[in-house]
Amino acid sequence: MALIIEDGSGVPGANSYNSVTEIRTYASARGIMLPTADEDVEVLAVQATDYLETFRNDYQGKKTEITQDLQFPRTGVVIEDYDVPSNEIPKLLKQAHAQAAGEAYEQDLLPNKAQVAKKEKVDVIEVEYQETSTSIVGFPKVDALLEPLFKSSSGWPIKVVRA
């Protein structure tokens, strides 16, 4: 599988925000372990992209083109009072993507429902299962990097100007 990197131009078929080299550089600087095979890092990159795409309703602004495959590039994104050009992928998103790829090496970013034993009975063997939640687990480092890209609670980015 080859990665198709979104560069801010709405690349058709894009499935990653970073190349393998960019992910390895980010991970190396932070002591994050990754597989040695590039093909395995490509899989992690796609999994990280899938995770970031789950926040589609939380990101500021809107997709630049309705036909683009990924949520970025976007128009109407403001970070620390600066408008992010609609033909750029924010550095914070690229960092969050690389961090998520590292997290994906350690655990599943989007786990499926699992059944957990709620009750066991030893005599005449009885087991009762309960389904666990399918809500996203959350990854503090990834979430912290993404937070400035999210809408405020009112649904619009808050821009404070001191007079």
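**Loops, Core and Helix H3: Questions and Answers**

Student: Where is the place of Asp81?
Tutor: Helices (H or I, at least four residues) and strands (E, at least two) are DSSP runs, numbered from the N terminus. The two strands concerned are S3 (78-79) and S4 (82-83). Asp81 has its place in the loop between S3 and S4.

Student: What kind of model is this?
Tutor: Residues are numbered from 1 along each chain as its sequence is written, and side-chain values use heavy atoms, with hydrogens and water left out. Local features need pLDDT of at least 70, side-chain atom pairs count only at pLDDT 80 or more, and totals for chains, interfaces and linings use all residues, the structure being a predicted model.

Student: Is Asp81 buried, partly exposed or exposed?
Tutor: Asp81 has a positive phi of about 70° although it is not a glycine. Buried means under 20% relative accessible area, exposed over 50%, and partly exposed in between (1.4 Å probe, protein chains only). With a relative accessible area of 42%, Asp81 is therefore partly exposed.

Student: Is Glu80 buried or exposed?
Tutor: Glu80 lies in the loop between S3 and S4. Although it is not a glycine, Glu80 has a positive phi of about 50°. Its relative accessibility is 69%, so Glu80 counts as exposed.

Student: Which proline follows the cis peptide bond from Phe72?
Tutor: The bond has omega near 15°. The proline is found in the loop between strand S1 (62-63) and strand S2 (74-75). The cis bond runs from Phe72 to Pro73.

Student: Which element gives the largest share of the largest nonpolar core?
Tutor: A nonpolar core is a set of buried Ala, Val, Leu, Ile, Met, Phe, Trp, Tyr and Cys residues joined through side-chain atoms within 4.5 Å. The largest one has 37 residues, and Leu52, Leu93 and Leu146 have the most contacts inside it. Two or more residues come from each of H1 (20-30), H2 (38-53), H3 (91-106) and H4 (140-146). The largest share, seven residues, is given by H2.

Student: How do H1 and H3 pack, roughly parallel or roughly perpendicular?
Tutor: Axes are lines fitted to C-alpha atoms, for helices over the stretch in contact, and angles run from 0 to 180 degrees between N-to-C directions. The axes of H1 and H3 are 9 Å apart, at an angle of about 75°. Angles under 35 degrees count as roughly parallel, over 145 as roughly antiparallel, 65 to 115 as roughly perpendicular and the rest as oblique. H1 and H3 are therefore roughly perpendicular.

Student: Which residues in H3 are met by Glu22, Ile23, Tyr26 and Arg30 in H1?
Tutor: Contact means heavy atoms within 4.5 Å. The H1 residues Glu22, Ile23, Tyr26 and Arg30 meet Lys94, Gln95, His97, Ala98, Gln99 and Ala101.

Student: Which side chain makes a polar contact with the side chain of His97?
Tutor: His97 lies in helix H3 and, at 0% relative accessibility, counts as buried. Beyond its neighbours within four places in sequence, His97 is in contact with several residues, including Tyr17, Ile23, Ala48 and Leu52. A polar contact is a pair of N or O atoms within 3.5 Å; within protein, one must be able to donate a hydrogen and the other to accept it, and residues adjacent in sequence count only if both atoms are side-chain atoms. At 2.9 Å, the partner of His97 is Thr49.

Student: What separates the C-alpha atoms of His97 and Leu145?
Tutor: The two residues are 48 residues apart along the chain. Their C-alpha atoms are separated by 9.2 Å.
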